[in-house]
Amino acid sequence: GTQLTSQKIYERIIKELEVNVSLKMTPGENNEYILWGRGELHLSVFIENLRREGFELQVSKPQVITKNIDGQTQEPVEELTVDVKSDFSSAVTGEVGKRKGLMTSQTENEDGTTRLMFEIPTRGLLGLRNNLLTLSRGSAVVSSIFLRFAPMSGAIAQMRNGVLTASETGKAVAYGLNNAQERGITFISPQTNVYEGMIVGLHARENDLDVNVTKEKKQSNVRSSGNDDAINLTPPTLFSLEQCIDFLEDDELLEATPKSLRLRKRILNANQRAKSKK
């Protein structure tokens, strides 16, 4: 990137506010800027424009805008409509139910699909679209519209497993990635530069796990059966900008640069992360 300082980012945001009437900005702490927009897509389009203009920045997990009405914190509720093949309707209902969604109607369409309608907090919609496309093998058509503000419902549980984070700074190698692959899904390929605290994959379990993807196979002058077998790596899972934003949890950041998208922990050092959780 060529635009690296927080002052440059601030000037670019101010310029955007003059023409983008739906965007608002308030200063945060530690050279952070809080952007208010009309959903994930609206904000991700602006972030993509910044990337293409040579900016480097870090993005946190999106937060839903709440209001204080009559001394009570209230959140937006939306009407969610999903048209999906009937075979996948139960899977869609289960996924939306995990996110505090309540079904209001279910009708059969003439083309063999089912129309499901829900009332769901906007919080539950974050990252839902990609999950429904995965569950329905790409057949779901999803739309939503604002209904009203309502009192805050209970907390929504984390929707994904923990992550695999790099424990060492260096260049990823096939041997280290093969070990990481046994513990989950990887996001990077060999020869990718990584740093401590960078997210390199999705763990198969709920907890986060540190892995050394820079670890090379020890050289030895002794041959033994099986040691020289070729390493077969599964192609890495690559995310778009919007998928990266949907993936984030509260303790994670997206590092967006003109050439790459990298996911990372807010606190890079593993020992400091462990202390912060206590």
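Two strands are taken to pair if DSSP finds at least two bridges between them, and strands (E, at least two residues) and helices (H or I, at least four residues) are DSSP runs, numbered from the N terminus. On this footing, a hairpin joins β15 to β16 through 4 residues. The two strands, β15 (residues 252-256) and β16 (residues 261-265), run antiparallel and share 5 bridges; A256 has L261 of β16 as its bridge partner.

The structure is a predicted model, in which local features need pLDDT of at least 70 and side-chain atom pairs count only at pLDDT 80 or more, while totals for chains, interfaces and linings use all residues. Residues are numbered from 1 along each chain as its sequence is written, and side-chain values use heavy atoms, with hydrogens and water left out.

Turning to a sheet, β11-β13-β9-β14 is the order of an open arrangement of 4 strands with mixed pairing. Its edges are formed by β11 (184-186) and β14 (209-211), each of which has a single partner strand, so one side of each is left without a neighbour in the sheet. On average, neighbouring strands here are turned by 30 degrees against each other, direction ignored. Within the sheet, β9 (residues 163-166) and β13 (residues 199-203) pair in the antiparallel sense over 3 bridges, and V163 is matched with L202 in β13. Helix α6 (residues 174-181) lies across β9, β11 and β14, at about 145 degrees to β11; axes are lines fitted to C-alpha atoms, for helices over the stretch in contact, and angles run from 0 to 180 degrees between N-to-C directions.

The second largest pocket (an open set of points on a 1 Å grid over the protein atoms alone, where a 1.4 Å probe fits, with protein on both sides within 12 Å along at least five of seven lines) has a volume of about 1,000 Å³, counted as the space filled by probe spheres set on the points, which are joined across faces, edges and corners. Its lining comprises 33 residues (those with an atom within 4 Å of a point), with R99, G127, N131, M159 and D246 nearest the centre. Elements giving two or more residues to this lining are α3 (89-98), α4 (122-125), α5 (128-135) and α7 (241-247).

Helix α3 also holds E95, which is buried (under 20% relative accessible area, 1.4 Å probe, protein chains only) at 9% relative accessibility. Leaving aside neighbours within four places in sequence, E95 is in contact (heavy atoms within 4.5 Å) with L128, N131, L132, L135 and M159.

Terms used. Buried means under 20% relative accessible area, exposed over 50%, partly exposed in between (1.4 Å probe, protein chains only).
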